[in-house]
Amino acid sequence: MSATTTLSSSTPHRCLHSNTRTTFLTVTPIQFLPFRTRTHNQPLLCFSSYPSQPPPVVVVGSANADIYVEIDRLPREGETLAARSGQTLAGGKGANQATCAARLSYPTYFVGQVGDDAYGNLVTDALRGGGVRLDNLAVVASAPTGHAVVMLQSNGQNSIILIGGANLVGWPNALPRQHLDLVAQAGIVLMQREIPDAVNFQVAQAARNAGVPVVLDAGGMDGPFAPQLLNFVDILSPNETELARITGMPTESFEEIAHAALKCHELGVKQVLVKLGEKGSALFVEGEKPIQQPAILAKTVVDTTGAGDTFTAAFAVALVEGKSKKECLRFAAAAACLCVQVKGASPSMPDRKSVWIFLIVNQNTHKRVHHSNYQEQNNSVWQRQRPLKMAARKTKFLLQSISARWILRHNSLLSL
């Protein structure tokens, strides 16, 4: 598979949209009313009477069909293993991130390509079912839909073999004006490295010209970054392995990770969001003290596929909603914790209600916690409190749950 950046414009393709002007969803912003007791000052959610049109999340990237093979262990060289089961689900880093943002109740558009085949239909149906706007999804006639073989072991860890397909070929030399106009109207743009760097460069440049922040997930192709691409990226989001590959530096300890992040600053990226798996995450902003977020660990890990994409997308949604960087990290950690408890990449993306309730239940947990379900964790917290404090917590949780149900019933955008 060649990761070339010389793109052909001769491949026929069509777009899944009508010739109508792009419009954004109208939502009602959320305000807060104070709820005070003698010892508490906790806001309750309510609606503003003034509608607004928030700029959307725009994800430009890959869309794959993930062929899951469940095995006890990886095969040795020359060995044939029988799988316990197999299943094909929608995936791809771009599609995963778009699905996550949409399921978090934020207006989301996806720019990408699929083949004219059954896998393409599978991915398209999954994206549309997740609430993603597909006005800018193209169907390429001469290339198959990208797909991946995901070897899922019993401990939830996975190994993946990727076939790029339509993610890598058939892109026009110059992106259509419709794509670039959408990018310019975005609140934030997410990209990955499973599509050609030349496409990412055009998108990042259009976003920078419009003052739109760009998040680049470092996952995907192993080759070096084009220096000019990083000059247009606001936040680079690698895991520790990708960070080591980008910088050529060790990333075994936090100190080594911090030094590698400084190297990224020298390459032109002002913010580096590092995903550290069970060790949590860290945000390195040039000239500022690093912000660390401990992991929120699930007792049962079913599948880690898509956890990094969930984290990145959830962080971006929280950021475009105006939350602090620390709040963004915690929101993303909660979403990733819920993601690993469900098999599949796109199917495992949590909805906003689940993340919101999870954060309410765990709002006083500031260190690494193990979590199996909301009620179990909630009960364990309450049982450690004095009777008066327990009653206050129950009352607060009940009122916030009522507020959440009222918001969801009116199909409005939640804001943490």
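# Strand β5, its sheet and selected residues

Strand β5 and strand β6 (residues 85-91) pair in the antiparallel sense over seven bridges. Here two strands count as paired if DSSP finds at least two bridges between them, and strands (E, at least two residues) and helices (H or I, at least four) are DSSP runs numbered from the N terminus. The model is predicted, so local features need pLDDT of at least 70 and side-chain atom pairs count only at pLDDT 80 or more, whereas totals for chains, interfaces and linings use all residues. Residues are numbered from 1 along each chain as its sequence is written, and side-chain values use heavy atoms, with hydrogens and water left out.

## Overall composition

The secondary structure of the protein comes to 12 helices and 18 strands. Of the 416 residues in the protein, 51% are buried, where buried means under 20% relative accessible area, exposed means over 50%, and partly exposed lies in between (1.4 Å probe, protein chains only). Contacts are counted where heavy atoms lie within 4.5 Å. Among those between residues at least 6 apart in sequence, 70% join residues at least 24 apart.

## The sheet around β5

An open sheet of four strands has the order β6-β5-β9-β10, with mixed pairing. The edges are taken by β6 and β10 (158-163), each with a single partner strand, so one side of each is left without a neighbour in the sheet. From one strand to the next, the twist averages 20°. Angles run from 0 to 180 degrees between N-to-C directions, and axes are lines fitted to C-alpha atoms, for helices over the stretch in contact.

On one side of β5, Ile67 stands opposite Thr88 in β6. Strand β9 (residues 146-153) runs parallel to β5 and is joined to it by eight bridges. Within this pairing, Asn64 has Gly146 of β9 as its bridge partner, and Val69 has Met151. Strand β5 (residues 64-71) has six of its eight residues buried, so it is largely enclosed by the rest of the structure. Helix α2 (residues 118-129) lies across β5, β6 and β9, and runs at about 60° to β6.

## Individual residues

The table gives the place and the relative accessible area of four residues.

| Residue | Place | Relative accessible area |
|---|---|---|
| Ser62 | loop between β4 (57-60) and β5 | 0% |
| Ser105 | loop between α1 (93-103) and β7 (108-115) | 31% |
| Leu216 | strand β12 (residues 214-220) | 0% |
| Thr310 | helix α8 (residues 307-320) | 0% |

Ser62 counts as buried. Its side chain reaches the backbone nitrogen of Lys93 at 3.2 Å. This is a polar contact, a pair of N or O atoms within 3.5 Å; within protein, one must be able to donate a hydrogen and the other to accept it, and residues adjacent in sequence count only if both atoms are side-chain atoms. Leaving out residues up to four places away in sequence, Ser62 touches Gly92, Lys93, Gly94, Ala95, Phe110, Asn167, Gln192, Glu194 and Ile195.

Ser105 is partly exposed. Its phi is near 65°, a positive value in a residue other than glycine.

Leu216 is buried. With residues up to four places away not counted, the residues that Leu216 touches include Met191, Gln192, Phe225, Leu229, Leu230, Val233, Ile235 and Leu236. Leu230 is 14 residues from Leu216 along the chain, and their C-alpha atoms are separated by 8.7 Å.

Thr310 is also buried. Apart from neighbours within four places in sequence, Thr310 is in contact with Cys100, Ala335, Ala336, Cys339, Met349 and Pro350.

## Packing of α9 and α10

Two packed helices are described by the angle between their axes and the distance between the axes. Helix α9 (residues 325-339) packs against helix α10 (residues 352-361) at an angle of about 115°, and their axes are 9 Å apart. That makes α9 roughly perpendicular to α10; the class covers 65 to 115 degrees, while angles under 35 degrees count as roughly parallel, over 145 as roughly antiparallel and the rest as oblique. The crossing of α9 and α10 is right-handed, the near helix being turned clockwise from the far one by less than a right angle, whereas an anticlockwise turn would be left-handed. The contact is made by Arg330, Phe331, Ala334, Ala335, Cys337 and Leu338 of α9, together with Arg352, Ser354, Val355, Phe358 and Leu359 of α10.
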